Amino acid sequence: MGEAPELSAQERAGKAFPVSWDQFHRDCRALTWRLNEVGPFHAVIAITRGGLVPAAIVARELGVRIIDTVCIASYDHTKQGDLQVLKGISEAAMKLGGGTGKGLLIVDDLVDTGKTGKLVREMLPEAHFATVYAKPKGRPLVDTFITEVSQDTWIFFPWDTALSFQPPLRDGAA
Ligand SMILES: O=P(O)(O)OC[C@H]1O[C@H](OP(=O)(O)OP(=O)(O)O)[C@H](O)[C@@H]1O
Ligand SMILES: Nc1nc2[nH]cnc2c(=O)[nH]1
Ligand SMILES: [Mg+2]
């Protein structure tokens, strides 16, 4: 008998939490309300790629025009591998944060295990770290977030999904 195939993080999660563009926009605005009391910020650092959309919305609301990226790859669709820093924080943004990240706002869509957030926090220890969603393992790393979901939930973002037909419940839909 062959070995059972390894489950992806999404399969292990079990519960699905689909987020629409509308909901995501509302949650980003709610995040900005909280951040407005913490700032002002010199610049926003988006953790790509998931942090790009919330970073654009938050920066627009906060009136911040300097946006930098830190490009990190970890999940290949739904499996987490080793973290790879594909592009670090720019020298200009580092300078704005005085070398420690003071006055900088790091934005990502979510924290899950917290591995990605931990790596970026090490680069900018004094920056403020905000995410829209947080799972319990990663939550202690985040300074400000909007919605907590359980560790066994997989969040589906609007840029990764499309509308599709769902069979009626009585025909066996979950
Ligand atoms: O807390 P962790 O367990 O580290 O997971 C959180 C990270 O995982 C996702 O990014 P992903 O690596 O899938 O890349 P993407 O943003 O390019 O989709 C998400 O956008 C976070 O950055
Ligand atoms: N889309 C998505 N990416 C993730 N990366 C780590 N956790 C998640 C999640 O719940 N949803
Ligand atoms: Mg990401």
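This is a working chat about two ligand sites and a few residues in a predicted model.

User: Before we start, what are the ground rules for this model?
Analyst: The model is predicted, so local features need pLDDT of at least 70 and side-chain atom pairs count only at pLDDT 80 or more, whereas totals for chains, interfaces and linings use all residues. Residues are numbered from 1 along each chain as its sequence is written, chains are lettered from A and ligands numbered from 1 in the order in which they are written, and side-chain values use heavy atoms, with hydrogens and water left out.

User: Which residues does the UniProt "binding site" annotation cover?
Analyst: According to the unreviewed UniProt entry, the "binding site" annotation covers Asp112 and Ile155; UniProt positions are given in the numbering used here, feature names are shortened, and annotations may be inferred rather than shown by experiment.

User: How far apart are their C-alpha atoms?
Analyst: Asp112 and Ile155 span 44 residues in sequence, yet no two of their C-alpha atoms are more than 9.9 Å apart, so they gather at one spot.

User: Where is Asp112, and is that residue buried or exposed?
Analyst: Asp112 sits in the loop between strand 5 (104-111) and helix 5 (115-123), where helices (H or I, at least four residues) and strands (E, at least two) are DSSP runs numbered from the N terminus. Asp112 is buried, with a relative accessible area of 13%; buried means under 20% relative accessible area, exposed over 50%, and partly exposed in between, with a 1.4 Å probe and protein chains only.

User: What is Asp112 in contact with?
Analyst: Leaving aside neighbours within four places in sequence, Asp112 is in contact (heavy atoms within 4.5 Å) with Tyr75, Lys135, Lys137, Gly138, Gln151 and Trp154. With Lys135 there is also a side-chain polar contact of 2.9 Å, a polar contact being a pair of N or O atoms within 3.5 Å; within protein, one must be able to donate a hydrogen and the other to accept it, and residues adjacent in sequence count only if both atoms are side-chain atoms.

User: And Ile155, where does that one sit?
Analyst: Ile155 belongs to strand 8 (residues 153-156) and is buried, with a relative accessible area of 5%. Beyond its neighbours within four places in sequence, Ile155 is in contact with Phe17, Val19, Leu110, Tyr133, Lys135 and Val149.

User: Switching to ligand 2, which residues are around that molecule?
Analyst: Around ligand 2 are Tyr75, Leu110, Asp112, Lys135, Trp154, Ile155 and Phe157, where a residue is near a molecule or strand if one of its heavy atoms lies within 4 Å of it. By class, this shell around ligand 2 has five nonpolar, no polar and two charged residues, with Ala, Val, Leu, Ile, Met, Phe, Trp, Tyr, Cys and Pro counted as nonpolar, Asp, Glu, Lys and Arg as charged, and the others, Gly among them, as polar.

User: What do the polar atoms of ligand 2 pair with?
Analyst: One nitrogen atom of ligand 2 lies 2.6 Å from a polar side-chain atom of Asp112, an oxygen atom of ligand 2 is 2.8 Å from an N or O atom in the side chain of Lys135, and a backbone N or O atom of Ile155 lies 2.7 Å from a nitrogen atom of ligand 2. Taken alone, ligand 2 exposes 280 Å², and the protein buries 88% of that, with accessible areas from the Shrake-Rupley method with a 1.4 Å probe; for residues, only the protein chains shown count as cover.

User: Now ligand 1, which residues come nearest?
Analyst: Of the 15 residues around ligand 1, Arg49, Asp108, Asp109, Thr113 and Thr116 come nearest, and the largest share of the shell, four residues, comes from strand 5.

User: Which polar atoms lie by its oxygen atoms?
Analyst: A backbone N or O atom of Gly50 lies 2.8 Å from an oxygen atom of ligand 1, a polar backbone atom of Gly114 is 2.7 Å from an oxygen atom of ligand 1, and a polar side-chain atom of Thr116 lies 2.6 Å from an oxygen atom of ligand 1.
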